[in-house]
Amino acid sequence: MTNELDRQIEQKEPAAKKTRRRIKNVSEPPTEQPVGKVRLRLIPIWLRIIIVILLFLVAVIVGLVIGYSVIGDGAAFDVLKWETWQHLLDIINGKE
């Protein structure tokens, strides 16, 4: 019963798939030169890494300013001052 179903499926299979299988089975003789694609990048990888790091830092600074000024009702750029962070560390360490 299953053999009959397999034969029916094979008969209904489109001709395009059969030719693709034949093409895959026929292999070209190996050449001595390596086949590879040379890719010339517009932006080098090292520059991409630097750009991602800079965008991350900008996003962190913008998030700190928004969080401190909008949510915390403080002055917008006070979050970038060292005194603010020193005060926060003093509170965490129990000095104040």
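Modeller: Let's fix one term before anything else: buried means under 20% relative accessible area, exposed over 50%, and partly exposed in between (1.4 Å probe, protein chains only). What you have above is a predicted model, where local features need pLDDT of at least 70, side-chain atom pairs count only at pLDDT 80 or more, and totals for chains, interfaces and linings use all residues. Residues are numbered from 1 along each chain as its sequence is written, and side-chain values use heavy atoms, with hydrogens and water left out.

Colleague: OK, why is aspartate 73 called exposed?

Modeller: Aspartate 73 has a relative accessible area of 68%, which is over the exposed cut-off, so the label fits. Aspartate 73 sits in the loop between helix 3 and helix 4, and has a positive phi of about 55° although it is not a glycine.

Colleague: And why is glycine 74 called partly exposed?

Modeller: Glycine 74 comes out at 26% relative accessibility, and that lies between the two cut-offs, so partly exposed it is. Glycine 74 is also in the loop between helix 3 and helix 4. Leaving aside neighbours within four places in sequence, glycine 74 is in contact (heavy atoms within 4.5 Å) with Tyr68 and Ser69.

Colleague: How do you know that the side chains of aspartate 78 and lysine 81 meet in a salt bridge?

Modeller: Their N to O distance is 3.2 Å. A salt bridge needs a side-chain nitrogen of Lys or Arg within 4 Å of a carboxyl oxygen of Asp or Glu, so this pair qualifies. A search of the whole structure finds 1 salt bridge. Both partners are partly exposed, aspartate 78 at 24% and lysine 81 at 42%.

Colleague: Then why does aspartate 90 have no salt bridge?

Modeller: The nearest side chain of opposite charge, lysine 95, is 4.7 Å away, so the distance misses the salt-bridge cut-off. Aspartate 90 is buried and belongs to helix 4 (residues 82-93). Not counting residues up to four places away in sequence, aspartate 90 touches Lys95 and Glu96.

Colleague: What makes Arg48 part of a positive surface patch?

Modeller: Patch residues have over 30% relative accessible area and no salt bridge, with like charges joined within 9 Å and nonpolar side chains (Val, Leu, Ile, Met, Phe, Trp, Tyr) within 5 Å. Arginine 48 has 39%, so it clears the area cut-off while being partly exposed. The other members are Lys37, Arg39 and Arg41. Arginine 48 lies in helix 3 (residues 45-71).

Colleague: What pattern does the chain follow along the sequence?

Modeller: The pattern is α-α-α-α, from 4 helices and 0 strands, both being DSSP runs numbered from the N terminus (helices H or I, at least four residues; strands E, at least two).

Colleague: How many residues are in the chain, and what share is buried?

Modeller: Of the 96 residues, 4% are buried. The accessible surface comes to about 9,500 Å², with 64% belonging to carbon and sulfur atoms.

How values were computed. Accessible areas come from the Shrake-Rupley method with a 1.4 Å probe; for residues, only the protein chains shown count as cover. Lys and Arg count as positive and Asp and Glu as negative; His and the chain ends are not counted. The place of a charge is taken as NZ of Lys, CZ of Arg, CG of Asp or CD of Glu.
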